Structure formats: structure tokens, C-alpha cells
Amino acid sequence: MRALVIDDSRTMRRIIAGILRPLGFDTVEAADGQEALDALEDGLDVELACIDWNMPNLDGLGFVTAVRKDGRWRDVTLMMITTESEQGQIVRALAAGAHEYVIKPFTPDAIRDKLQLLGLVGLQESA
Amino acid sequence: MTFDVDIDAFQGTDPVYTIAEEVFSAMIDGEVGHLRAWAGPEPTLTDEVHAWVDVRGPVQGRVLLSTEQPTARRITRALLAMEPEEPVGDADLADALGEVANVVGGNLKALVTDPGALTLPEVSHDRPETTPEDLIYALSLDWRGRPLVITLWNLP
């Protein structure tokens, strides 16, 4: 499986990618929503996108909205990973089409648990 | 509207400390117990580095994290899983410390009613310009024996 990690912080991209790789994901990184959208337009095939909210150019909510509007990417699982922890923001993201929502700070276990709920990680990987 | 966080509403727990402790235990230390309240007189920072995010909208405020360069490098190494003495570049330090400020600030923003939007983090050796009367709250912390100060500010 391949995951697209979208965050303007290189540090956070490395942390998230470092959690995903042992779970069986190849990872590709993008520094904002527009860079990620361009990669998908160029044919990048991913099963999972982990998306920050606050980013330059195109933010995470904009990316989720754009991906959900396009049938080519209907099978991509969208997981927001963000500091935006107000209930209203979570509702906005889920309404826009995000499948899951993780609030920073997170632990590797929290990411594994969410991926397991989404059916992207089996029990053996999460043990 | 001001960027007031009602500290007293948290039944004796300090939400700023609680958030900072969660950030450090989850993402930097991998365990609890390395971040605690600073004991003794307020620390004087030398060789400073500052990271901050602003909240812009109906509420205007700034969350500022201040520490010393060696501590910032150590935080960066921990976040990036680097070796203890591995050199830390300026870009990595700015990115890592900025992200810590972003996570602390984002969680604090959630405690404010109708807070508006968080800006992208900024990092500088120079303390950002603030007016003393706009200081809302200051919390001095001890991370592995070195000082780290979180302050909340009203912005015009």
C-alpha cells in the first residue's frame, strides 16, 4: 500500500511516515494540499492520504474537498492529522469527506488504531 | 474579544501545562515525566530561540514558546529520532520547534470560544514584538533540566 503524507512541516511528515512504513506503507510526501493534488493529477496512486489542516497554498480541508469532488480518487482513504481540535472543525472535515480525524499530538498507537478501524492495518501489524 | 483562556475552569489543572505535557510525552519523549514546572526563580534564557503561532479572527492572540538553542536542538533531535550528538541544521530546528509551537497553539486555540484561524508557525532568534500589558499568561517549564517558557499574548 502507498500513503501520501501531506504536511507543511517536514518534521511532521517524517514522524508520520516513520509510523506508516513499519505498518506496510510506502510513503510519498507533499508539503501542501496543492502539491498533493498535483501529484494525484500526475497519476500518483495511493490508498491513504494523511492530511494536515493548516498549510500554505491549499489547506487540508481544500484538499479533501477537491479529492472528494473527483471520482478518480473515490477509493483514497482520507485521514486528517491536525491540531484543529474544535468540534466544529472536526465536523467540517468529516462533512467534506474525511474518513478519520486524528488530533495532534498523537502517539504511534493512535495512528495504528485509526488505520485498523479503517481496515487498512490488520491485527498482526498492530500487535 | 481577547485571547483569554480560563485557567480556573480546569479544576486545579493548568491547561497550558497539560497540553505541553501531552505534546512532549507523545511526540518528543515517548513517555511522561520529562517536562515539569520550573522550580525556583523565573529562568533567564540565554542564546534564545522563539517559536510562535498567532490566532487571527474574532479572537486575536499569540502562543509563544521560548527556549535556548541547545534545548531547541535537543528537541529537534528527539522529534526527528536523530542521534544524541548529531548536528542539527537551522532549517530542521526551525521546522521542529515551529511544529511544537503549532501543536501547543492549536490545542490552546480549541479552549477559546469562536477562536478564528491559526497562522503558520514562525521561528526566530529574536523575540517577536509584544507589549508587556498584553501578556495573558506565562508558564515556565523544565524539560530535562533546561528552561522552556510558554506565554500567551493578546494581539491588537
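What covers the buried residues of H3(A)? I took this up as the opening entry, working on a predicted model.

**Entry: helix H3 of chain A**

I listed the buried residues of helix H3 (residues 60-69) of chain A and found Gly60(A), Leu61(A), Phe63(A), Val64(A) and Val67(A). They cover an arc of only 160° around the axis, so they sit on the same side of H3(A). I noted the background for this: an α-helix has 3.6 residues a turn, so residues three or four places apart point the same way. I then looked at what lies over these residues. The cover includes three strands of chain A, namely S1 (2-6), S3 (48-51) and S4 (77-82), and the helices H2 (33-41) and H4 (87-96) of chain A.

**Entry: Ala49(A)**

I went on to strand S3 of chain A, where Ala49(A) lies. Is Ala49(A) buried or exposed? I counted 28 other C-beta atoms within 10 Å, so Ala49(A) is buried, the cut-off being 20 or more. Leaving aside neighbours within four places in sequence, I found Ala49(A) in contact with Leu4(A), Ile6(A), Ala36(A), Val76(A) and Leu78(A). For Leu78(A) I also took the C-alpha separation from Ala49(A), which is 5.0 Å, with their positions 29 residues apart along the chain.

**Entry: chain A as a whole**

I counted six helices and five strands in chain A. Along the sequence I read their order as β-α-β-α-β-α-β-α-β-α-α. I checked the radius of gyration: chain A has 13 Å, which agrees with the value near 14 Å for a compact globule of 127 residues. The C-alpha trace of chain A spans about 35 × 35 × 25 Å along its principal axes. Of the 127 residues of chain A, I found that 45% count as buried. I also looked at contacts in chain A between residues at least 6 apart in sequence, and 57% of them join residues at least 24 apart.

**Entry: a cis peptide in chain A**

I found a cis peptide bond joining Lys104(A) and Pro105(A), with omega about 5°. Pro105(A) is in the loop between strand S5 (100-103) and helix H5 (108-117) of chain A.

**Entry: chain A against chain B**

How many residues of chain A are in contact with chain B? I counted 18 residues of chain A in contact with 18 residues of chain B. By class, I sorted the chain A side into five nonpolar, seven polar and six charged residues.

**Entry: two helices of chain B**

I turned to helix H1 (residues 15-29) and helix H2 (residues 69-79) of chain B, whose axes come within 8 Å and cross at roughly 60°. At that angle H1(B) is oblique to H2(B). On H1(B) the contact is made by Met27(B), Ile28(B) and Asp29(B), and on H2(B) by Ile75(B), Ala78(B) and Leu79(B). I classed the residues of this contact as five nonpolar, no polar and one charged.

**Entry: positive phi in chain B**

I noted a positive phi of about 55° at Ala81(B), which is not a glycine. Ala81(B) is in the loop between H2 and helix H3 (90-109) of chain B. I counted 11 other C-beta atoms within 10 Å of Ala81(B), so it is exposed. I also noted Arg144(B), a residue other than glycine with a positive phi near 50°. Arg144(B) lies in the loop between strand S6 (135-143) and strand S7 (146-154) of chain B. With 15 other C-beta atoms within 10 Å, Arg144(B) is partly exposed.

Key
Residues are numbered from 1 along each chain as its sequence is written. Chains are lettered from A and ligands numbered from 1 in the order in which they are written. This is a predicted model: local features need pLDDT of at least 70, side-chain atom pairs count only at pLDDT 80 or more; totals for chains, interfaces and linings use all residues. Two residues are in contact if their C-beta atoms, placed from the backbone, lie within 7 Å. Ala, Val, Leu, Ile, Met, Phe, Trp, Tyr, Cys and Pro count as nonpolar, Asp, Glu, Lys and Arg as charged, and the others, Gly among them, as polar. Axes are lines fitted to C-alpha atoms, for helices over the stretch in contact, and angles run from 0 to 180 degrees between N-to-C directions. Helices (H or I, at least four residues) and strands (E, at least two) are DSSP runs, numbered from the N terminus. Angles under 35 degrees count as roughly parallel, over 145 as roughly antiparallel, 65 to 115 as roughly perpendicular and the rest as oblique. The radius of gyration is taken over C-alpha atoms; the globule rule is 2.2 Å times the number of residues to the power 0.38. A residue is buried if 20 or more other C-beta atoms lie within 10 Å of its own, exposed if 12 or fewer, and partly exposed in between; C-beta atoms are placed from the backbone. The arc is that of the directions from the helix axis to the C-beta atoms.
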